[in-house]
Structures are given as C-alpha cells and as structure tokens.
Amino acid sequence: MIAIPRLLQEALLATAARYPERTALVAGNVRLSYREVADYACRLAHALRSRGVERGDRVMIFMENDWRCAASIFGVLLAGGVFVAVNAQTKRDKLAFILRDAGARVLLSESHLARVFGPLVEQLPTLQVLCAPDTEELPAGVENVDEALIDMPATPPPQSTITLDLAALLYTSGTTGEPKGVMHTHQSLLFVLESINEYLGFSEDDRLFSALPLNFGYGLFQWLSAVRAGATLVLERSFAYPAQAFKRMRDEAATSFAGVPTMFAMLLAQDAKQLLRFPSVRLLTNAAAALPVEFIPGLRRLFPNARLCKMYGQTECIRSAYLEPALAEAKPESVGRAIPGTELLLLGEDGRPVAVGEVGTLYVRGPHVMRGYWNQPERTAEVLTPNPLSGERLLRSGDLFRQDADGDFYFVARGDEIIKSRGEKVSPAEVENAIYCLPSVREAVVVGIPDPLLGEAVCAFVAPREGGQLSVQQIKRACGERLENYMVPKYVLLVSDLPRTENGKLSRKLVLEQYAALLAESA
Amino acid sequence: MSIKQTIRRFILENFLFTDDESILEDGDSFLAAGMIDSTGVLEVVFFIEETFGIKVKDDEMLPDNLDSVDCLVAFIQRKQAIVAE
C-alpha cells in the first residue's frame, strides 16, 4: 500500500517509484510506462517553471483527449500550478473567455488547434504558448513543447505546494450562460479519489477503458483512479468510431468500462446489428446522466462478467452517490447512497430534513466539496451554505431527490434548467446567447426534449424580428461557430412569437406547452 | 450528382450549416476538425446506408472508412462494387 499522498502529483510519483515499467497509458499508437509519464511530467514542470510559472499560477491545457493531455495534467501540478483542462472542441470565443477568466499564464496545446487559439495569442500578450507539433506547422509566437523539454531534468522540481492549494479549475456550464471555474484543491480531489477507488475496488491489475474527456470530472477520474491504483488507462479520443473502440477494448482486455447513457445506447444499437461481447470487463460504471432502466438487461448480455455501478455526481464535488452493484436489479432507479466518507442530506424548503419518501433538495457534505467558483463569491454563496453544526460548508446540489426506507436516493428532477445531452451539461442561456448574435433574432428560447439516444436533445424556438430573414441553417451555423457541437440545437423551430409569464418573462415551460404539437411533428 | 457532391452537400448542410463549399477540403478529418462527434458519425452512417443502398457493418465503422469526404467516397465505391459483383 502506497502511503496516502497529500498532493495529487505524489500519487503519480509514488506509483512510478513502485511500478516504473508498468503501462500507465495506452492512447492511439502510444504506450507509456509510469516512468515515462513521470519523466514527461517532470520535464514539463521544469519547462513551465523556467517560463515563470509559480505556485498557484493557472495553466490551460487545450488538447485532444490523448496521452499528452493526461501527462500534462501532472506536469502542471509538479510545477506548482493549477490545471485548467478544456475540451478540444471548444470554440474561440469561449476559449478566450476561459483564458481571461482563469488568468492563465501558459497555454499548452497542439498545433492543429492553432486555428482556434491562434488569433488569441496576439490579444493576450502576457500568455505564453507551448505547443505540441502535429500535422500542422507551429504558428508564430508559439514554442515547440518537445524542444522546450529536451534539456529539462526528469526529476521533480522542489515543491512548496500544500494540500489546501488549488489543483484544478474545472470549468462547467452554468445557468447564466457563462462557464464557471470550479475550484478544487489537492485535498478535495485526493479525498474523492480515495473514496472512488475504495468503492470501485481498482487494483494494479486493472485496465480502465475510457473515451470520456479528461476535462470533465468523470473522465479525469478514470486517469486519476488508474494512477492511484497503478493500473493502466486505455484512453480513446472519443467514442465516435465504436468499432475502433471495441477493438481496443478487446486487444487490451479492458477490465473496466466507464460510460454515459449515450455510449450505452450506441453499444446496444451495434449489438442489435452484430453480436458484441466483452467478457474481460469486470466493472461497468455509469454517470453524468441517469441510466435508463431498460438498458440493464442488454448490458448484462454485452458484459456478462461485469458488476454494474451506477453513480451520480457533479463537478462541484466530483461524485456524490453510488449504488452497490448487487442492488442494480433490485433498485434500478436508485443512485444509491453517499460515497465513502461523505454524507448526503435531503432538506425541505424550511431547511429541515424531509420524511422518507418525500421530495427534498440534495445537500452534499464531505471533504470533496469544492472551494467555490473562481472569482465568483456571490454565486459561490448561492450553492455553499454554512452548516451550523460543524462549521463547514454544505454543497446545495440543486437537484431534487427522494429517499427510500433503506436510505437509498432516487433522482426526481433537476433544480435548474440545465439540459443533459449525451451526458454533457448544456446551458440553455449559453445556446440562446449564441442565437442572439444573429441580428434578425428577436427572441429565442432553448429547451431540452426527451431523445432516445441523447437523453435530452437541444431544441431552439426562435422568433425573428419583423421583416428579418432567418433560416434554420443560419441559426445552427451561428451556434456551430460559437459552441461545442453537443450544444448545437438538434431541432430549430421558427415561430412568430414566444409566450411570456404574467410578469412578462419568457418561459421555457410555457413554450413547451404552447408548441407541444409542433414539436411532436418535427421530432 | 456524384457520390462526392452528395456527401459534401450532406456534411456542409448538416454539420457545418452552410453551402459555402470553400470551407470543406475533401481530405479534412471530420473528427480532428471538430466537425463531427460520436452521434454525428452515426448520422453519417445512416445517411450513406439510406442514400447509397449499402450496409455498414460494425467492424467497418472506422476512421479509415468514414473520417473524411475522400474516405467516404472510396468506402462507398468499394461497397457498391461488392454489391454489383
């Protein structure tokens, strides 16, 4: 047993010391041992330090979901920095917002992504860019990261970080439309890592398969869980080419598969065309959106030797609940109970616990709760509320749940208007803002509608200005230019007017009621 | 309309939301350029199955077959040749 680390990077260094030649990562054609990952991360840390990165500085990682992204996370931490990992699909305006909001000192990226970040380099003169060379040439003013690492030592630089320092800003969509940076410390991330590895029982013999993005808690923790356990992460860039992913799972004899419901729907659809079996997988996890109950029998056939663990969480605490695999069939609609070492409370509007079976708002207690939203004390105060009994702050999840007599929790509804599509959070306001960039738009309302593959599909109702010319394509393009593609509305409906509440506010609920028939026709 | 034109039009309309031909190179990787994601690949598969009367097998769902206009054209031609034999 490796002593419990105080800093995330100590988890990597300890595993690299213990199992230097074990495979840490398999991604594309690259296989890296723990020694190689630690070497790369240490060299990157020195390169960052020599470029002025100090304890607490934010370093953005804007990279494909590949080995460099995984190794760079530890490079930033070893430099004493705070990593800000951003999805490679992110468009320029949003990237610029996050770079500015986080006050990033260095950007780590790849040359083919210069089409996105290139113009920002001039606008942000203090930002330094270290870039991995790939199919495209390095743009001007950008350093080649491989050259920067050549002369750097492969030993960890001296460290002054303590466990209470920030380790990551995890940007997440918010109801107001602008992403918020969720602040996690080394302590909060390590705590939840220990808890997750305890209830999932990972060991050094595991090979975790993940096609989930590393910038999102569920994907990030596939990598962190593997590092902590000394296991192997088999990382795919995406699940876009299922056959490639399936071959990889078989070739590497994956023992764990982390999915979201959309991936499971794709697996089941493929299985209906051509029989699929993954006997090597012993653990199947679901998170990010509720697993439809009717998927379970099919998943049992696909993964005949796997335990199924359903989980629930949010970026603000990474993970809140999990259902014991033995209960998957007995309680198919439950997300189970609090992860080890934490507590979940169900409170009514009066702030008192609700009775068994009654609906209440879920509050999360534990050392895994975030420190707050970066630079946003008011919004932090809305979700972190003082616990009078112990002096710590409770996380108000905002989601509504009920609890059965055994203490297991059942999701009832979201407390906000966030849409969950493909397991990703989509802020209706963020999509509406993109649509409002078109001058011919008078009003827009974005809602989520049920979809068998996506969970919810993004649907936009748009009313043009008088005399304004608008097409569905134009609206989708305006979104495609500004938003990650999972946020681009699948349906766009042009309507003459949008209903308002008595107070004159646009209402998503009224829109859905008024246009139910039109929606049924197009969807 | 040729296979290539049909595919280009489909990708431009459904993933790039434009009829501006200049923004799509036939050799561009859909994935690397962020044009298409996992559910998008399924849409492409449904489209070519319906439009060209072919069946895409599970083990053919690979980037070599599907990840650019050029790859798709070559793949469809190969499949059609097999059907014609």
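## Two helices of chain A

Helices H2(A) and H3(A) are oblique to each other, because their axes cross at roughly 45 degrees. This is a predicted model. H2 of chain A covers residues 34-50, and H3 of chain A covers residues 67-78. Their axes come within 7 Å. The crossing of H2(A) past H3(A) is right-handed.

Which residues of H2(A) and H3(A) make the contact? On H2(A) they are Val37(A), Tyr40(A), Ala41(A), Cys42(A), Leu44(A), Ala45(A) and Leu48(A). On H3(A) they are Ala71(A), Ser72(A), Phe74(A), Gly75(A), Val76(A) and Leu78(A). By class, eleven residues in this contact of H2(A) with H3(A) are nonpolar and two are polar. No charged residue takes part in the contact of H2(A) with H3(A).

## Chain B as a whole

Chain B has four helices and zero strands. Read from the N terminus, its elements run α-α-α-α. The radius of gyration of chain B is 12 Å. The globule rule gives 12 Å for 85 residues, so chain B is as compact as a globular protein of that length.

The C-alpha trace of chain B spans about 35 × 25 × 20 Å along its principal axes. Of the 85 residues in chain B, 32% are buried. What share of the contacts in chain B with a separation of 6 or more joins residues 24 or more positions apart? The share is 57%.

## Where the chains meet

Chain B touches chain A through 19 residues. On the side of chain A, 24 residues are in contact with them. Which helix gives the largest share of the side of chain B that touches chain A? Helix H2 of chain B, residues 38-52, does so with four residues.

The side of chain B that touches chain A is mixed in class. Ten of its residues are nonpolar, four are polar and five are charged.

## Two residues with positive phi

Arg422(A) has a phi near 60 degrees, a positive value in a residue other than glycine. Where does Arg422(A) lie? Its place is the loop between strand E23 (419-421) and strand E24 (424-426) of chain A. Is Arg422(A) buried or exposed? Arg422(A) counts as buried, because it has 23 C-beta neighbours inside 10 Å.

Phe17(B) also has a positive phi, near 55 degrees, and is a residue other than glycine. Phe17(B) sits in the loop between helix H1 (3-16) and H2 of chain B. Phe17(B) is buried, because 21 other C-beta atoms lie within 10 Å.

## Gln187 of chain A

Gln187(A) belongs to helix H7 of chain A, residues 186-200. Why does Gln187(A) count as partly exposed? Gln187(A) has 19 C-beta neighbours inside 10 Å, and a buried residue needs 20 or more.

Leaving out residues up to four places away in sequence, Gln187(A) touches Thr163(A), Leu164(A) and Pro367(A). Gln187(A) and Ile339(A) are 152 residues apart in sequence. In space, Gln187(A) and Ile339(A) are 16 Å apart, C-alpha to C-alpha.

Technical notes:
Residues are numbered from 1 along each chain as its sequence is written. Chains are lettered from A and ligands numbered from 1 in the order in which they are written. This is a predicted model: local features need pLDDT of at least 70, side-chain atom pairs count only at pLDDT 80 or more; totals for chains, interfaces and linings use all residues. Axes are lines fitted to C-alpha atoms, for helices over the stretch in contact, and angles run from 0 to 180 degrees between N-to-C directions. Angles under 35 degrees count as roughly parallel, over 145 as roughly antiparallel, 65 to 115 as roughly perpendicular and the rest as oblique. A crossing is left-handed if the near helix is turned anticlockwise from the far one by less than a right angle, and right-handed if clockwise. Two residues are in contact if their C-beta atoms, placed from the backbone, lie within 7 Å. Ala, Val, Leu, Ile, Met, Phe, Trp, Tyr, Cys and Pro count as nonpolar, Asp, Glu, Lys and Arg as charged, and the others, Gly among them, as polar. The radius of gyration is taken over C-alpha atoms; the globule rule is 2.2 Å times the number of residues to the power 0.38. A residue is buried if 20 or more other C-beta atoms lie within 10 Å of its own, exposed if 12 or fewer, and partly exposed in between; C-beta atoms are placed from the backbone.
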